[in-house]
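Colleague: Please take me through this model. I would like to start with confidence and then turn to sheets, helix packing and chain contacts.

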Amino acid sequence: MKRWTVARGLRRAVCAVAAASLLIGLAACGGDADQQPGGEATVAANPEGIDDGTKLTLWTRAPLEAQAKALVQAYNASHKNQVELTITPNDDYVTRVGAAAGSGNLPDLFAADIVYVPNWTEQGLFADITSRIATLPSVAEINQGHLSAGTYQDKKYVLPFVLDLSVIFYNKELYQEAGLDPDKGPTTLAEFKEHALAIQKLNKKGVSGTYFGGNCGGCGVFTWFPMIWASGEQPMNEDGTASNLNGAAAKEVYAMWRELYEAGAVAPASKEETGATWVGDFQQGKIGVMPYPATLLATADKSVEVGVAPIPGLNGGQSTFIGGDGIGISKDSKVSDQAWNFLSWLMSEDAQVEVLAKSNSQVSRNDLAENKYATDPRVKIINQVAAAPDSHTPVARNFQQAFNAAGSPWVTLFRNAIFGDGSSIDADNQAITEVLAQ
Amino acid sequence: MATPVERPTAVRSAARTTAGPGPDGQRRRAPRLRLARRNQGWLYAAPTALFVTVFFLIPVLLVAQMSLSDWGLFAGNRGFNAPDNYTDAVGQRLFWPAVWFTVKYTIITTIILIGVALGLAMMVQEVALWNSFLRTSFLVPSALGLASASLLFYALYAPEGGPFARLLSDLGIGDGTVSFLGSPNAALWSTVAVIVWRFAGFYMLLLLVGLQGISSDVYEAARVDGANRWQIFVHVTLPLLKPSLALCTILCITGSLLAFDQFYILTRGGPDNSTITIVLLVYNIAFGGRNDLGVAAALSLIVLLALIVINVVQFTALRGRED
Amino acid sequence: MSTMSRPLLATSSRRVLTGALALLFLFPLVWAAVASVAPQPGTAQVDGWGLGNYARLAGYQAGLTQYLINSVLISGMTVIFTLVVSLLGGYAFALFNFPGKNLLFLATLAILMVPYATLLIPLYVLLNSIGLQNSLVGLALVLTMFQLPFATFMMRISFEAVPRELAESAYVDGCGTFTALLRILVPAVKPGLITVGLFAFLAAWNDFIAPLILINDSDKVPLPLAVANIRGQVMGVVDYGATEAGVVILALPCVVLFLILQRHYVRGFMSGALKG
């Protein structure tokens, strides 16, 4: 009786282990990404892709909601293909894409913060569109910063989706009240500080001189890297593997913000701002002057008289962070020809001028910077600074981990420098270098 | 209670009545019936066995394998690399902060939650309509999921429009910018409040079951001896409640060590990584930029081992004290 | 009366204090229901009372109905799988004797010992390899597995509590074991089945971390995940109104079910707990 049980049990155990090893073996193979089956012929035959009524899925992140919706609507209205847009909160985007990519369920098209693009390109999340891009008539005019961020081993994977530049926005009414010239924004960091303090002196209830994302790594790089660039310093080394954020100019920038904070010129909510609501207060007329995303010019205009100035350095100059999102076809898409149809339309004048420029957003093609809608002098300022020699799109493989991720070493550095006693900048900078160098 | 050991007797007696007279007939029937019954037993247990094997045993083996391999989220299995994943996991920038915070959170939550539950149980243990209403009110939060409860409190803690914020500013406390989730301590206590609200009723229920086991004779005897309320509580009720308290403690500690939902929704581990729990760290390593399933697997195995050790220690400690 | 002959406080002040405590526990839910239809700046319901927040929720991405359907499908499948597997399993463990029985039972209970997070990552990889990734069925199977320890244990003790005479009479009539199960034993263990079904439904309806990892398509996510996502939609302002509306919809079936069935399962739990 007993022997019977043991024999049975043992046999079952052996079967189970065999089944397990089989499944584990299967799982181990699960990670290979399949290459797109030969598409050279279709690419040549259909340089603009195929428009046959296919449903395409597109993911983007919340900050670019307005532009994304406008583009998708315009495309859907004029094409047989229909794009289904999914907008994800900024904080969830990386994990969402990660989980989807790992299980082979990426949507046909997805946009990525340009600072994540090098990492995701290298990991093979995007499909190779080098030959397709080469067929674009405007290929030479496309924003080089974004294109090179999405280039890996000489192959191109990404096109610019929505360019987002950082500039100084200021509230003209508050400037007038404070006795500042409403037509002139700050031209040096010292002036920026003065203006913010002047607005704060108004002592208006609920109004603060300035605002920043005190707990937001992405906001920090977006708004302060230009200050460092315009001061003639580089925040990272050339290949993005070491951090230089303890340089002299950088330390001056932190010191300026620290002074503003201690003088009470920064809105109290800034300290814990994780980036979810960092643009809200300005639109409600509560902030005097702050670095801001240029994509929100049209939105902010609805409720505030907005003045625009380029972000200055310590002694003048101008620079901007050429950010925003790049877009590509995912490795999992089975309708890449149709997906390409959307991308080639995106690069056309119809999309760039009639949708983006019309709503005072940035165009991604240099030849379209002067267009019939670019009459607003503020848009001209933005276009100008985009072409300035000190304006960059930083590229680093571990950018997201080092800077944008919640609780990244970058966040630790500037929080210590501004809210703490500022003594650990060098040590914190070392922590950033360690993450970048991984 | 019917036990399997008695089964054969029942079967044999049934066989006796239906098989007809004669010892030979009975003995030949019973074993065959038992054999058939045994096979059928396996048949009925097969779905359970299938689920447990495919969705539990194999993943456990798989996670062990993953923890010993260089396994990226996109790249897949790239071969063994023991013990790198383990050293990476422990050497992670946020490993010790996460461990420390999780332990701190567990201790605080367990003490407060069990204390509150005990108080509630003592309050409502008598039969009365009013107590029925009280019991139901305390139990209603348990109907919600933890994620729903967290979302609910996320809205309650809204810094400007939320009722708590408005209450505090009406009372003149704080400088008008009270932030329940904005500073490390506030975030911790706000989250503890959510958990206490959600689970107090459930643990109260467990303790009520324990209280039932104390017969009123014991109380009578104590009262006759002249003990007052407090003495009765400390020297009679508490010791006799030990098994229930032990169960509650074990459940609470295990649940708190594995906290994820509430922190993901309320704080995402912030501000400044001050509220990152171990499981949140595992999730971030797996899907949040580092994309390293091997290290995440190693970390989650470390959690499993820690949990086993803690539970074994609890079991022996509490059982020892019982004797 | 259990402990005291004289209450500590007069009945009226006791009532007031305990009543306040009860209100404290009930307040959040009641507030959510009220606030979801009340005017609030920064939401879809800025002026006056109304269902604006619900309307926004209904129109959000794939739509409220789609998320509800997802949640219902997931929970429904989990309940069905759990009931079937634990019914058969509990039957086997309680009334049969077979080799490896104790081992299997222990393995089932061992699921409780292993943390969710430890299992979800290999489950993610496993579901990918058998083609069940990003599917409601795959998610339901995983949720069923997590229910098995409690469900099997519950059904086992339910079957064991069946009076011996009832079980015997089933076999005496010459029924096969299956017919015996269906005709006679299932009705006898119905309270256990209800408890198991209720727990499985609540767990599946409210689960958050498993769908977060195992479901990728945004139109397949269940409701808790959808509500967590809608918070950060409007640029610059968190939409609390939509969150409150979402919580009400999430909580409503749970609270209703709980109130209906609490007489059943709380009383079962408490049988003899309260001294009269």
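The questions and answers below concern a predicted model.

Colleague: What share of the residues of chain A score a pLDDT of at least 70?

Modeller: The mean pLDDT of chain A is 83. As for the share that scores at least 70, the value is 90%.

Colleague: Which residues of chain A have a pLDDT that stays under 50?

Modeller: The model does have 37 contacts beyond four places in sequence for this stretch. Where pLDDT is low, the predicted coordinates should not be read in detail. The stretch in chain A is residues 1-38.

Colleague: Which element of chain B has the highest mean pLDDT?

Modeller: Chain B averages 81, and 85% of its residues score at least 70. The lowest mean among its elements, 42, belongs to helix α1 (residues 7-19) of chain B. Over residues 1-32 of chain B the pLDDT is below 50, with 30 contacts in the model beyond near neighbours in sequence. The highest mean, 93, belongs to helix α4 (residues 95-124) of chain B.

Colleague: Which strands are the edges of the five-stranded open sheet in chain A?

Modeller: The strand order is β2-β1-β3-β12-β6 in chain A, with mixed pairing. From one strand to the next, the twist averages 20°. An edge strand here pairs on one side only, which gives β2 (82-88) and β6 (159-164) of chain A.

Colleague: Which residue of β12(A) stands opposite L109(A)?

Modeller: Strands β3 (residues 109-113) and β12 (residues 323-329) of chain A run antiparallel and are joined by five bridges. Opposite L109(A), in β12(A), stands I329(A).

Colleague: At about what angle to β12(A) does helix α14 of chain A run?

Modeller: Helix α14 of chain A covers residues 336-346. This helix lies across β1 (55-61), β2, β3, β6 and β12 of chain A. Its angle to β12(A) is about 145°.

Colleague: In the three-stranded open sheet of chain A, by how much are neighbouring strands turned against each other on average?

Modeller: The strands of this sheet follow the order β8-β7-β9 in chain A, and their pairing is antiparallel. Its edges are β8 (289-293) and β9 (306-309) of chain A. With direction ignored, the average turn between neighbouring strands is 40°.

Colleague: Which residue is the bridge partner of V167(A) in β8(A)?

Modeller: Strand β7 (residues 166-171) of chain A runs antiparallel to β8(A), and five bridges join them. In β8(A), V167(A) is partnered by Y292(A).

Colleague: Are α4(B) and α8(B) parallel, perpendicular or oblique to each other?

Modeller: Helices α4(B) and α8 (residues 184-212) of chain B pack with their axes 7 Å apart, at an angle of about 45°. The crossing is right-handed. An angle of about 45° is not under 35 degrees, nor within 65 to 115, so the two helices are oblique.

Colleague: How many of the residues in the contact of α4(B) with α8(B) are nonpolar?

Modeller: On the α4(B) side the residues include Y105(B), I108(B), T109(B) and I112(B). Facing them from α8(B) are, among others, F199(B), Y203(B) and M204(B). The contact has no charged residues and one polar residue, and the nonpolar count is 21.

Colleague: How do α5(B) and α1(C) lie relative to each other?

Modeller: The axes of helix α5 (residues 129-139) of chain B and helix α1 (residues 11-35) of chain C come within 8 Å and cross at roughly 25°. Their crossing is left-handed. Among the residues in contact are W130(B) and F133(B) of α5(B), and R15(C) and F25(C) of α1(C). Angles under 35 degrees count as roughly parallel, so α5(B) and α1(C) are roughly parallel.

Colleague: Which helix gives the most to the side of chain B that touches chain C?

Modeller: This contact takes 80 residues from chain B and 82 residues from chain C. The side of chain B divides into 62 nonpolar, twelve polar and six charged residues. With 21 residues, the helix that gives the most is α2 (residues 23-67) of chain B.

Colleague: Which element supplies the largest share of the side of chain A that touches chain B?

Modeller: The contact between these chains takes 30 residues from chain A and 25 residues from chain B. On the side of chain A, α1 (2-29), α4 (90-102) and α17 (399-404) each supply at least two residues. By class, this side has 14 nonpolar, twelve polar and four charged residues. The largest share, seven residues, comes from α4(A).

Notes:
Residues are numbered from 1 along each chain as its sequence is written. Chains are lettered from A and ligands numbered from 1 in the order in which they are written. This is a predicted model: local features need pLDDT of at least 70, side-chain atom pairs count only at pLDDT 80 or more; totals for chains, interfaces and linings use all residues. pLDDT is the predictor's confidence in each residue, from 0 to 100. Two residues are in contact if their C-beta atoms, placed from the backbone, lie within 7 Å. Helices (H or I, at least four residues) and strands (E, at least two) are DSSP runs, numbered from the N terminus. Ala, Val, Leu, Ile, Met, Phe, Trp, Tyr, Cys and Pro count as nonpolar, Asp, Glu, Lys and Arg as charged, and the others, Gly among them, as polar. Axes are lines fitted to C-alpha atoms, for helices over the stretch in contact, and angles run from 0 to 180 degrees between N-to-C directions. Angles under 35 degrees count as roughly parallel, over 145 as roughly antiparallel, 65 to 115 as roughly perpendicular and the rest as oblique. A crossing is left-handed if the near helix is turned anticlockwise from the far one by less than a right angle, and right-handed if clockwise. Two strands pair if DSSP finds at least two bridges between them.
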